[in-house]
Amino acid sequence: MERRRWTTERVALWLAVLFVLGGALDAGWDVAHGVGDRRVEVRGELDVDEILRTHHPSPPDAPAPDERFPAGYAYLSDGHGTLTVPEAEPGAIVAWSILRLAPWLAALAVLAFLVPILRAAGRGDPFARDATRRMRAVGSLLLVGIPAYAVIEYFAAEASLTHGVAPEVSPVLTLGVTDVLPGLLVLVLAGVFARGVELQELERQTV
């Protein structure tokens, strides 16, 4: 029986599997507690002006903000935080639970697509017949899933947010090139795999 060698790729794969499984279990534990306590969490920007008014009120004769702090003085200008909403509505709890688990479930799906490719590469066949299909599936999942997650998270936070609490947290929808770049890169890599499969088939036919 051939003894398996612990290559760098195999070690990296097992570390990724352990990390994703640990994250999924932690998210599941958090969701279980959230459902039991009927609470959801909302992430967004903090109302810095409200925080300063509450914790650092200025007297009527106080100087303007630009005059109050000397050059180079560090002060609060913006910030992000997580607001816990107790006694949330059932719909908000369901949406939050799905969003909490979704990244880890997507990571498990990506690993499920990549493991056969890495195993085939370990057998000396990096350009297996289904490698291109699997890479395209991963690229499409990332290209659509990452922006969709940001949009759904924003609207779910808006729907479950309780206004009038301090400090105020405002959900923010930010979509940029970093949200679509991973999917595009994997799709480009899928094209490289497709070319590799073609060359490998041509080599087999000419031998």
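Student: Does Arg 119 count as buried or exposed?

Tutor: The model is predicted, and in it local features need pLDDT of at least 70, side-chain atom pairs count only at pLDDT 80 or more, and totals for chains, interfaces and linings use all residues. Residues are numbered from 1 along each chain as its sequence is written, while side-chain values use heavy atoms and leave out hydrogens and water. A residue is called buried under 20% relative accessible area, exposed over 50% and partly exposed in between, with a 1.4 Å probe and protein chains only. Because its relative accessibility is 52%, Arg 119 counts as exposed.

Student: In which helix is Arg 119 found, and what distance separates its C-alpha atom from that of Arg 10?

Tutor: Helices (H or I, at least four residues) and strands (E, at least two) are DSSP runs, numbered from the N terminus. By that numbering Arg 119 is found in helix 4, which covers residues 90-122. Although Arg 119 and Arg 10 are 109 residues apart along the chain, their C-alpha atoms are separated by 8.7 Å.

Student: How many helices and strands are there in the protein?

Tutor: Reading from the N terminus on, the elements of the protein run α-β-α-α-β-α-α-β-α. The count of these elements is 6 helices and 3 strands.

Student: In what order do the strands form the sheet?

Tutor: Two strands pair if DSSP finds at least two bridges between them. Strand 1 (residues 39-46) pairs with strand 2 (residues 80-86) in the antiparallel sense over 7 bridges, and strand 1 also pairs with strand 3 (residues 169-170), again in the antiparallel sense, over 2 bridges. These 3 strands form an open sheet with antiparallel pairing, in the order 2-1-3.

Student: Why is one side of strand 2 and of strand 3 left without a neighbour in the sheet?

Tutor: Strands of a sheet pair through backbone hydrogen bonds, either parallel or antiparallel. Strand 2 and strand 3 each have one side without a neighbour in the sheet because they stand at the edges, each with a single partner strand.

Student: Which residue in strand 2 is the bridge partner of Arg 39?

Tutor: Several residues of the sheet can be placed by their partners, including Val 40, which stands opposite Val 85 in strand 2. On the side of strand 3, Glu 45 stands opposite Ser 170. For Arg 39, the bridge partner in strand 2 is Pro 86.

Student: With which residue in helix 1 does Arg 100 of helix 4 form a pair that ties together parts 70 residues apart in sequence?

Tutor: Side chains of opposite charge can pair when their charged atoms come close. A salt bridge here is a side-chain nitrogen of Lys or Arg within 4 Å of a carboxyl oxygen of Asp or Glu, and the side chain of Arg 100, which is partly exposed at 23%, meets that of Asp 30 in one at 3.0 Å, N to O. Because Arg 100 lies in helix 4 and its partner in helix 1, the pair ties together parts that are 70 residues apart in sequence, and that partner is Asp 30.

Student: Which residues are linked in a network of salt bridges?

Tutor: The structure holds 7 salt bridges, one of them joining the side chains of Arg 39 and Asp 30 at 3.2 Å, N to O; Arg 39 is buried at 15%, and Asp 30 counts as buried at 15% too. Arg 39 also forms a salt bridge with Glu 41, the closest N and O atoms being 3.6 Å apart, and Glu 41 is partly exposed at 32%. The network links Asp 26, Asp 30, Arg 39, Glu 41 and Arg 100.

Student: Which residues does Asp 179 touch, not counting those up to four places away in sequence?

Tutor: Asp 179 has its place in helix 6 (residues 177-206), and with a relative accessible area of 15% it is buried. Contact means heavy atoms within 4.5 Å. Leaving out residues up to four places away in sequence, Asp 179 touches Leu 142, Ile 146, Pro 147 and Thr 174.

Student: What share of the 207 residues in the protein is made up of buried residues?

Tutor: Not every residue is covered, since Leu 18, which lies in helix 1 (residues 8-37), is exposed with a relative accessible area of 56%. Over the 207 residues of the protein, the buried ones make up 27%.
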